[in-house]
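Me: I am new to this structure and would like to understand the terms used to describe it. May I put my questions to you one at a time?

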Amino acid sequence: MAQQEPEEQVELSSSTRSHLEAQNLRPLWEVEDTMGNVYDDLEPDIWKWEDIQTAIDNIENDIPIDDLPPGFQRRVTVPINTGMENAISNTIYVGVQTVSPGENAPAHRHGANALRFTIDGHEEMKTVVAGEEFPMHDNDLITTPQWEWHDHVNDSDETATWLDVLDLPLILDSLNSTNVFENHELDRQPVTKTQGYWDSQYGRARPADEAKDSSIPGPFEGNREPTPPYRFKWRETDETLRQRADNDTPDPYDGYSMAYVNPNTGSPPLFPTMSFRSQLLNEGPTDAHFHNATEVFFVIEGEGATHVDGEALEWGERDIFVVPPGTPHHHEPDDEAILLGMSDRPVYEAFNFYTEAEA
Ligand SMILES: [Fe+2]
Ligand SMILES: [Fe+2]
């Protein structure tokens, strides 16, 4: 970010300069110049599914999961923004993970929040979270809250593929914190719950005697209303989206959208660090707006373009693209399209820092 230049060059005396240097002190005008320059600015960018698929196929052919280094036994292809070194943005990480038939991505847990958004799923492709096997059907969104054990088991006869979305860059790079990480002593964590257990605790009907399982683990003091393990079934999300489209008025910027809520609170955001929604666009181009939060999109269905700062990101099914903060953008579906929208907006809102305006 460009800072305003001081109006005239100021020279410090050599004795002042040597004192400052010796005591690790700096005058403000020199410090300001360096702020906002740790990262390059995010670029509008798109990754086409066919390119991702080729990368996935090549990696899958080259490396069985078991041959990956211990602790990294996840076969994941990661879109990298040109302004970043390790992720699609400086707050949100997206990866495309595959597990081949018969494979198991071993159990571990960590401080970062994660979710799976299923691309190619199967009843027998299961992500195991906090003792429950969640079947991964196409477009299901399944949470892996921080510090929950999770492993992925493909008992089907097809390769399964999904999006991993984590707040890793926020934790590791922006906050320069540690992603507390632990491998399970077993490759597969014990399945201790029947399927549907977490839904029975946090779904629309809940234990009436307030005996709700509040044993969501976490070594983190001060956690508020943690997100539980939860599977948002696509057939339900899709149905609600279409109900909105049949009855409601679309948002001028985002079409008809459904927020994934934290089942613990009944409200968005899904995680304290990231919010998610499915968006149905079927009424021509949206109006342009901009905001200081970053948006990452995955194309669930349809084709179209998103115009970002005058650049058209042409997308089709399964493409992934990013809208940098502060850039005017609008969506233009060819016909009907559904996007998964991912945003770091809750981080801005937590500090009363979120801004949004018509472009
Ligand atoms: Fe993980
Ligand atoms: Fe937006």
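Reply: Let us begin with a definition: two strands pair if DSSP finds at least two bridges between them. This is a predicted model. In it, β4 and β11 are joined by 3 bridges and run antiparallel, so they count as a pair under that cut-off of at least two bridges. Within this pairing, H110 stands opposite F181 in β11.

Me: What makes β4 and β9 a pair?

Reply: The antiparallel pairing of β4 and β9 extends over 3 bridges, and the definition asks for at least two. A105 has H152 in β9 as its bridge partner.

Me: In which sheet do these strands lie, and which strands are at its edges?

Reply: The order β7-β6-β9-β4-β11 describes an open sheet of 5 strands with antiparallel pairing. Its edge strands are β7 (132-136) and β11 (181-183), each of which pairs on one side only. From one strand to the next, the twist averages 25°. Inside this sheet, strand β6 (residues 122-129) and strand β9 (residues 150-154) pair in the antiparallel sense over 5 bridges, and the bridge partner of M125 in β9 is N154.

Me: How do you know that strand β4 is mostly covered?

Reply: Of the 7 residues in strand β4 (residues 104-110), 7 are buried. Buried here means under 20% relative accessible area. H108 and H110 are both buried.

Me: Which residues coordinate the iron ion (ligand 1)?

Reply: The iron ion (ligand 1) is coordinated by H108 (NE2), H110 (NE2) and H150 (NE2), at 2.1 to 2.2 Å. The cut-off for a donor atom is 2.8 Å from the metal, so these atoms qualify as donors. Along the chain, the spacing of the donors is H-x1-H-x39-H.

Me: What are the protein donors of the iron ion (ligand 2)?

Reply: They are H289 (NE2), H291 (NE2), E295 (OE) and H329 (NE2), lying 2.2 to 2.3 Å from the iron ion (ligand 2). In sequence these donor residues are spaced H-x1-H-x3-E-x33-H. E295 belongs to strand β16 (residues 295-301) and H329 to strand β20 (residues 329-333), so the pair ties together parts that are 34 residues apart in sequence. Both E295 and H329 are buried.

Me: Why is the arrangement around the iron ion (ligand 2) called irregular?

Reply: The 4 donor atoms subtend angles of 88 to 176°. A tetrahedral arrangement would need all angles between 85 and 135 degrees, and the upper value of 176° falls outside that range. The arrangement is therefore irregular.

Me: Why is S257 called buried?

Reply: The relative accessible area of S257 is 15%. Because buried means under 20%, S257 meets the definition. S257 is found in strand β13 (residues 256-259). Not counting residues up to four places away in sequence, S257 touches L241, R244, R277, S278 and Q279.

Me: What makes I92 buried, and where does it lie?

Reply: I92 has a relative accessible area of 0%, and the cut-off for buried is under 20%; I92 is therefore buried. I92 lies in the loop between β2 and β3. Leaving aside neighbours within four places in sequence, the residues in contact with I92 include A87, V165, L166, P169 and M274. The C-alpha atoms of I92 and D167 are separated by 5.0 Å, while the two residues are 75 residues apart along the chain.

Me: Which strands form the open sheet of 6 strands, and which are its edge strands?

Reply: The order of this open sheet is β2-β3-β10-β5-β8-β12, with antiparallel pairing. The edge strands are β2 (76-77) and β12 (231-232), since each pairs on one side only. Strand β8 (residues 141-144) and β12 pair in the antiparallel sense over 2 bridges, which satisfies the requirement of at least two. I142 has R231 in β12 as its bridge partner. Helix α3 (residues 49-62) lies across β2, β3 (93-99), β5 (114-120) and β10 (160-166), running at about 50° to β3.

Me: Which residues does the annotation "domain: Cupin type-1" cover?

Reply: According to the UniProt annotation, from an unreviewed entry, "domain: Cupin type-1" covers residues 243-359. Over residues 243-359 the chain is 9% helix and 43% strand, and the end C-alpha atoms are 29 Å apart.

Definitions and conventions
Residues numbered from 1 in each chain as written. Chains lettered and ligands numbered in written order. Predicted model: local features only at pLDDT ≥ 70, side-chain atom pairs only at ≥ 80, totals over all residues. Heavy atoms only, no water. Donors = N, O, S within 2.8 Å, 3.2 Å for Na, K, Ca; no water. Tetrahedral: all angles 85-135°; square planar, octahedral: opposite > 155°, others 65-115°. Helix = DSSP H or I, 4+ residues; strand = E, 2+ residues; numbered from the N terminus. Buried < 20%, exposed > 50% of the residue type's maximum accessible area, 1.4 Å probe, protein only. Contact = heavy atoms within 4.5 Å. Axes fitted to C-alpha atoms, helices over the stretch in contact; angles between N-to-C directions. UniProt positions renumbered as here; feature names shortened; annotations may be inferred.
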